[in-house]
Amino acid sequence: MERAKQIAGEAVANLVENNQVIGLGTGSTIVYTIKMLETRIKKEKLKFLAVPTSSCTKILAIKAGIPLTSLEEYPELDIAIDGADEVDPKLNLIKGKGAALTQEKIVASAAKQFFVAIDESKLVKCLGQNYSLPIEVLPCAWRAVERKMERMNGKPVLRLISETARPVITDNGNFILDVDFGLIKNPKQLEQKLDAIPGIIETGLFVGMTTAVYVGTKKNKIKVLKNNLEIS
Ligand code: 5RP
């Protein structure tokens, strides 16, 4: 699947046009996007500015010679590009394996169009099929939120760094609870319930935000999904 991931990451890099201000996501698929953007800057003299969604992407972008900016300077973006952990048939997403979900969601919501790059293993019939839902929580609230998740029939697990067993700390200084809700049949309703809980900063549910998904297939082709349809 690595090659499928690569072609998807590269395909979304080719959506960037001269003089755009873009949101740049986080994750191993976006590493390929960054490499392709580096190539396009060198070969095509492509000019654009990027708002990174994490400290990790910021460092990679600086190394790749991608000029950076912020949402403070550009509160509206032309496009945002990012990866995802699961994509359902309505193009709703679970994101957050890289713990960058809050900034990713803010950046995606600031963009006129939001493009997602995945390999086809990320396509699911229903969110929650293969992956728990990452939720960013204020450190002082994690136990209280954990209890509330259990009352909602979720199975929360505090995300730990495997080597040290310390909690993962996000770029915003918070913790991540990975909550297994089973199959998420109504992502919008779940998102609204979770958003109302004090201590939850943001969830990895991205509902109704996606413009199109670029899917790298096992046969090393690109499929584009838009409005519930495969358009190419
Ligand atoms: C980080 C994310 C990533 O975009 C998502 O986890 C996909 O990552 P990868 O491309 O490595 O599979 O949401 O918070």
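**Close-up 1. Strand β6 and its parallel partners β3 and β12.** In this predicted model, strand β3, made of residues 77-82, pairs with β6 in the parallel sense over 5 bridges. To find a place where these two strands meet, look for Ile81, whose bridge partner in β6 is Phe115. Strand β6 itself covers residues 111-119. It also runs parallel to β12, and 5 bridges join β6 and β12. Here a good landmark is Val116, with Val213 as its bridge partner in β12. How many of the residues of β6 are buried? The count is 7 of 9, so strand β6 is mostly covered.

**Close-up 2. Thr217, a buried loop residue.** Now follow the chain to the loop between β12 (212-216) and β13 (222-226), which is the place of Thr217. Is Thr217 buried or exposed? Its relative accessibility is 10%, and because buried means under 20%, Thr217 counts as buried. Leaving aside residues up to four places away in sequence, Thr217 touches Ala4, Glu120 and Lys223.

**Close-up 3. Strand β7 and its antiparallel partners β9 and β10.** Strand β7 spans residues 133-137, and 5 of its 5 residues are buried. As a general guide, side chains in a regular strand alternate between the two faces of the sheet. Which residues of β7 lie on each side? Leu133, Ile135 and Val137 are on one side, Pro134 and Glu136 are on the other, and both faces are covered. Strand β9 (residues 175-180) runs antiparallel to β7, and the two are joined by 5 bridges. Along this pairing, you can spot Pro134 opposite Asp178 in β9. Strand β10 (residues 200-203) is antiparallel to β7 as well, with 3 bridges between them. In that pairing, Val137 stands opposite Ile200 in β10.

**Close-up 4. An open sheet of three strands.** In what order do the strands of this open sheet come? The order is β4-β5-β11, and the 3 strands pair in the antiparallel sense. At the edges stand β4 (86-87) and β11 (205-206); each has a single partner strand, so one side of each is left without a neighbour in the sheet. Strand β5 consists of residues 93-94, and 2 bridges join β5 to β11, with the two strands running antiparallel. To find your way between them, look for Leu93, which stands opposite Phe206 in β11.

**Close-up 5. The ligand and the residues around it.** There are 17 residues around the ligand, and those that come nearest are Thr26, Ser28, Thr29, Asp85 and Lys122. By class, this shell has 4 nonpolar, 7 polar and 6 charged residues. Three side chains are worth picking out here. In the side chain of Ser28, an N or O atom is 2.5 Å from an oxygen atom of the ligand. For Lys122, the distance from a side-chain N or O atom to an oxygen atom of the ligand is 2.8 Å. For Lys97, the corresponding distance to an oxygen atom of the ligand is 3.2 Å. How much of the ligand does the protein bury? Taken alone, the ligand exposes 380 Å², and the protein buries 97% of that. The elements that give two or more residues to the shell around the ligand are α2 (28-44) and α4 (101-109).

Conventions. Residues are numbered from 1 along each chain as its sequence is written. This is a predicted model: local features need pLDDT of at least 70, side-chain atom pairs count only at pLDDT 80 or more; totals for chains, interfaces and linings use all residues. Side-chain values use heavy atoms; hydrogens and water are left out. A residue is near a molecule or strand if one of its heavy atoms lies within 4 Å of it. A polar contact is a pair of N or O atoms within 3.5 Å; within protein, one must be able to donate a hydrogen and the other to accept it, and residues adjacent in sequence count only if both atoms are side-chain atoms. Accessible areas come from the Shrake-Rupley method with a 1.4 Å probe; for residues, only the protein chains shown count as cover. Helices (H or I, at least four residues) and strands (E, at least two) are DSSP runs, numbered from the N terminus. Ala, Val, Leu, Ile, Met, Phe, Trp, Tyr, Cys and Pro count as nonpolar, Asp, Glu, Lys and Arg as charged, and the others, Gly among them, as polar. Two strands pair if DSSP finds at least two bridges between them. Buried means under 20% relative accessible area, exposed over 50%, partly exposed in between (1.4 Å probe, protein chains only). Contact means heavy atoms within 4.5 Å.
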